[in-house]
Amino acid sequence: MNSIELFLHGAGRPVVIEAQPSDVLHDVLAKHDALPRQGEFVYIGEVRHAQDNPDPEHDEQVPADLALTLKDLGLPDKRHIHTRGPRVIAVTVEFNGQSPHRVFGPHTMVEAVLVWAKHRLHIDPVAGAELVLEMVPSGEVPRMDAYLSDLALGSAELTFKLVKEVNPQGAV
Amino acid sequence: MSTNAQRLLEADLAGAAFRAGLLHGDWALGGTTAEIAWPYLFTYVVAAPRPNSPEQWLVRWDATNYGSGPITGGFWDAQANTFLAKEQWPKARPGSVVASVFKTEGWAAPGQGFYHPWDRTALAGHTWTDPVWAWKLEVTIAEYNAQFHRWLTSEDYLGQ
């Protein structure tokens, strides 16, 4: 059986790894020194609940069973393994004196948080096209395809500000 | 012998950030890493559907000094083997960041670079003062393509 290319998050910078679909997740993580420790969990793929249905206050997600094979976990399609994460990540987005709050799975992309935040703040997608999420307190603007697990670095909380993207020279 | 810049680029093209976007269908590399005619490489950046507009935009990147400073690039006409004619560059809502980055008039390298602090042709003669948006070592070829994919799928992007 051909090996598959996977992306391992949560054990330092995200890295590309290869494994067989028949490999057991526990063994793959052990090989890469990425087994979860006490109180840490592993998630698979990408959760888009907040993007597809932004009304619920939290994601319904179950951590991955380490005893299953990569094939059984759907990894040949889902591709991403998020290890050593908290059970959930509580996200607050600050904007114009409001600060909506929601609990996300660690395998949520920033793009999903942005969609949810605009929905909760009743921001029109066209009018708010230039709004992006800036991390607090670092001030960094993460990529839309960054995962919360990569930003939280083991923490169970993240705070963003919704800010207008600028082209800093300013002149158009 | 490969230069440091070439080795850094090859490592980033094989890295998780670039490969993930590629597998996600956000962009594609033109050819293979082995086929790169240094310092130029091509990527196809996928765009949101707009009437009479391409599904993806071909960008030629000039990766000179890759890893130690901003690179540059431009939308490319593969048939003519030159920069895409200015009038064919992506359009965006006037006043938007997307329109600013892709503008083809009124700066040093119109139609041959991107008006943004991550493009070295735009840095010359300007003071890009805001550190939040400045180029930094962490800005790899993956970040360039991710940013362009975001702009080309933005509500502000109007098509060709």
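How much area does chain A expose, and what share of it do carbon and sulfur atoms supply? In this predicted model, chain A exposes about 8300 Å², and carbon and sulfur atoms supply 50% of that area.

**Chain A as a whole**

Chain A contains 5 helices and 8 strands, which follow one another from the N terminus in the order β-β-α-β-α-α-β-β-β-α-β-α-β. Its C-alpha atoms fill a box of roughly 55 × 35 × 25 Å along the principal axes. The radius of gyration of chain A is 17 Å, which agrees with the value near 16 Å that a compact globule of 172 residues would have. Of the 172 residues in chain A, 49% are buried, and among contacts with a separation of 6 or more, 66% are between residues 24 or more positions apart. The chain carries 15 positive and 25 negative side chains, with the centres of the two sets lying 1 Å apart.

**The contact with chain B**

Chain B gives 35 residues to the contact and chain A gives 28 residues. Between them, about 2600 Å² is buried, and carbon and sulfur atoms give 59% of this area. On the chain B side, Val97(B), Trp133(B) and Arg150(B) lose the most area to chain A, together accounting for 24% of what that side buries.

**Backbone details**

Most residues other than glycine have a negative phi, and most peptide bonds are trans. The table lists places in the two chains that depart from this pattern.

| Place | Feature | Value |
|---|---|---|
| Val136(A) to Pro137(A) | cis peptide bond | omega about 5° |
| Trp38(B) to Pro39(B) | cis peptide bond | omega near 5° |
| Arg79(A) | positive phi | about 70° |
| Arg84(A) | positive phi | near 55° |

Pro137(A) lies in the loop between strand S7 (131-136) and helix H5 (148-152) of chain A, while Pro39(B) is placed in the loop between strand S1 (27-29) and strand S2 (40-46) of chain B. Arg79(A) sits in the loop between helix H3 (75-78) and strand S4 (80-85), whereas Arg84(A) belongs to strand S4 itself. Arg79(A) counts as partly exposed because its relative accessibility is 22%, and Arg84(A) counts as buried because its relative accessibility is 17%, the cut-off for buried being under 20%.

**An exposed loop residue**

Asn96(A) lies in the loop between strand S5 (89-94) and strand S6 (101-104) of chain A, and with a relative accessible area of 67% this residue is exposed. Although Asn96(A) and Leu162(A) are 66 residues apart in sequence, their C-alpha atoms are 8.7 Å apart in space.

Key
Residues are numbered from 1 along each chain as its sequence is written. Chains are lettered from A and ligands numbered from 1 in the order in which they are written. This is a predicted model: local features need pLDDT of at least 70, side-chain atom pairs count only at pLDDT 80 or more; totals for chains, interfaces and linings use all residues. Side-chain values use heavy atoms; hydrogens and water are left out. Helices (H or I, at least four residues) and strands (E, at least two) are DSSP runs, numbered from the N terminus. The radius of gyration is taken over C-alpha atoms; the globule rule is 2.2 Å times the number of residues to the power 0.38. Buried means under 20% relative accessible area, exposed over 50%, partly exposed in between (1.4 Å probe, protein chains only). Contact means heavy atoms within 4.5 Å. Accessible areas come from the Shrake-Rupley method with a 1.4 Å probe; for residues, only the protein chains shown count as cover. Lys and Arg count as positive and Asp and Glu as negative; His and the chain ends are not counted. The place of a charge is taken as NZ of Lys, CZ of Arg, CG of Asp or CD of Glu. Buried area is the accessible area (1.4 Å probe) that two parts lose on being put together, summed over both.
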